[in-house]
Amino acid sequence: MTMRRGACPTLSAPMETGDGLLARIAPAHGALTPEKLAGIAKAAGRHGNGILEVTARGKLQIRGLTAQSTPLFATEITALELGPVDGFAVETAPLAPPPPLAKRINAQMAERDYAALLAPKVSVTVDCGGALHLDAISADIKLIMADDGQWLIGIGGNGATAHWLGKGDEQAVGAAALAALDLLAQTGGRARDFTQAQKDALRAGLEPAVQHPARADSAPVGLFALKDGENALGIALPFGQISAEALAALCEAVSDASEIRLAPRHGLLVIGLDEPRQEKLPRAAEALGFVTDAHDPRLFIAACAGAPACASARFDAKALAAEAAAAGLPDGPFRLHLSACEKGCAQPSGPVVNLIAVEGGCTLSSVGAKPSERLRTFLTERGETLRAALLRKTG
C-alpha cells in the first residue's frame, strides 16, 4: 500500500479496512460488457471476501483483498482489458456518452501530467443532464450543460452548494476549467479553498454567474431513455453491496446485453436488451437480491460500511439499514443516513435524517427534513440499544 493521506483506494494502492484491503475501480463508458463484469465478480470471489460495492458516485469497489491476493486480482483485471480503471478521470453522467468537453479535460490532464500534482480526491464532473444527473455529487470543478446549450461552471461543491463562476460555450468554460486545474496543480489544494481573487480571475471570458436550478435526485432504478434512442434498465445494489455470486449470476442472465454501466446511487444500467427481456429482468434481478422497484425504501437509506467491514465502526450500519427498510422507513421526502462513527461516511445530499455513532452513544439530527414520530421512535430506541452495547464494550 502506497496511499497518500486522504487518498481514495485504487487497484494499485488499496486501502486497509476492517475486512481487509479495499480496491476501487472506475471503468469508463463502454468498458463493461456482461462478460467483463462477470469476470470482475468472479475474480473478487476468488481473491477478496466475495463482496462488491457500487458507490454513491458510481464506482466499483472490491472488499476483502489481502496483500497476497491483490496482485493476483490485479492481474486478472488487467487481462479483462477494461482500459484505465483508476487514476484521475472526469466523471460524467451515465445516460449519455462522455461529451467532448470531458474528453478535452482528460486529454489535457494527461498531456500536462497533472495527476500526481493534484491533492487526493480532486474531482471534475461534466454533466449533460438527464434523469440521472450529477447534482448530488460534489466536485472541485463542476460543469453542467444548461437547457440553452450553454455550460455552467462551478467550484467546490455539489449542484446546491457549488460557487458558480459563470456560464459560456464549451470553449469558454473549458478554458476556465483548465485554468482551475492549473491552479489546483500549482497549489496542491482544493477548489473550495480558492481565494476571492483567484475566483475572480477564473471568471475571465465567462458570462455572469447564475444559480443552478435544483433538480430532483432520481434513484437509478427503472427504464431510462438514452440519447441514442436505446433504453437502459436500471437496478441497484441494496445499500451499495452485492455478493460476487449474485453479480456473476446477473451478468449471465443478461449475457445478450451490449453493456452494463455503473451509475451513481449504487446503480447498474443494463443496455441493449429488447423489450421482452427488459420486462423479465426485474424479476430475475430481484430474486438475486437486487433492488428493482424505484419505491423500495432501501433506495432512500444511505449506510456507511459499518462493522465489521470498517475498523472505525461502532455498529453494523448495513444491518440497521435493513431493519429500517423492513419497517418501511424512512417514511418521508428525505433520506436516512446511518453512520457508525463520527466521520459520517455515506452522507447524502439534500434533506436527510442522520443517526451517527459517537463516543459513548449516537446522535440524531436532521437537515431540511422533519422525521415522523415513527422514525424518531425507531431511531431513538435503536440509538439507546447501541449506546448500551457500546458502554458494555468499553466499560
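Visitor: In what order do the five strands form the open sheet?
Guide: This model is predicted. Its open sheet has five strands, and their pairing is mixed. The order is S5-S6-S7-S8-S9.

Visitor: Which are the edge strands?
Guide: An edge strand here pairs on one side only. That holds for the strand at 91-92 and for the strand at 163-168. The edge strands are therefore S5 and S9, as pairing takes at least two bridges.

Visitor: How many bridges join S5 to S6?
Guide: S6 covers residues 124-127, and S5 and S6 run parallel. Glutamate 91 stands opposite threonine 125 in S6. The number of bridges joining S5 to S6 is two.

Visitor: Which strands does H3 touch as it packs on the sheet?
Guide: The direction of H3 makes about 160° with that of S6. Besides S6, H3 touches three other strands, one of them at 139-145 and another at 151-157. The strands touched are S5, S6, S7 and S8.

Visitor: What angle does H4 make with S7?
Guide: H4 comprises residues 170-187. This helix lies across S6, S7, S8 and S9. Its angle to S7 is about 175°.

Visitor: Is the crossing of H3 and H4 right-handed or left-handed?
Guide: The axes of H3, residues 100-112, and H4 come within 11 Å and cross at roughly 30°. Where H3 passes H4, the crossing is right-handed.

Visitor: How many nonpolar residues are in the contact of H3 with H4?
Guide: On the H3 side, the residues include Leu101, Ile105 and Met109; on the H4 side, they include Val173, Leu178 and Leu181. By class, the contact has three polar and four charged residues, and the nonpolar ones number nine.

Conventions. Residues are numbered from 1 along each chain as its sequence is written. This is a predicted model: local features need pLDDT of at least 70, side-chain atom pairs count only at pLDDT 80 or more; totals for chains, interfaces and linings use all residues. Side-chain values use heavy atoms; hydrogens and water are left out. Axes are lines fitted to C-alpha atoms, for helices over the stretch in contact, and angles run from 0 to 180 degrees between N-to-C directions. Helices (H or I, at least four residues) and strands (E, at least two) are DSSP runs, numbered from the N terminus. A crossing is left-handed if the near helix is turned anticlockwise from the far one by less than a right angle, and right-handed if clockwise. Contact means heavy atoms within 4.5 Å. Ala, Val, Leu, Ile, Met, Phe, Trp, Tyr, Cys and Pro count as nonpolar, Asp, Glu, Lys and Arg as charged, and the others, Gly among them, as polar.
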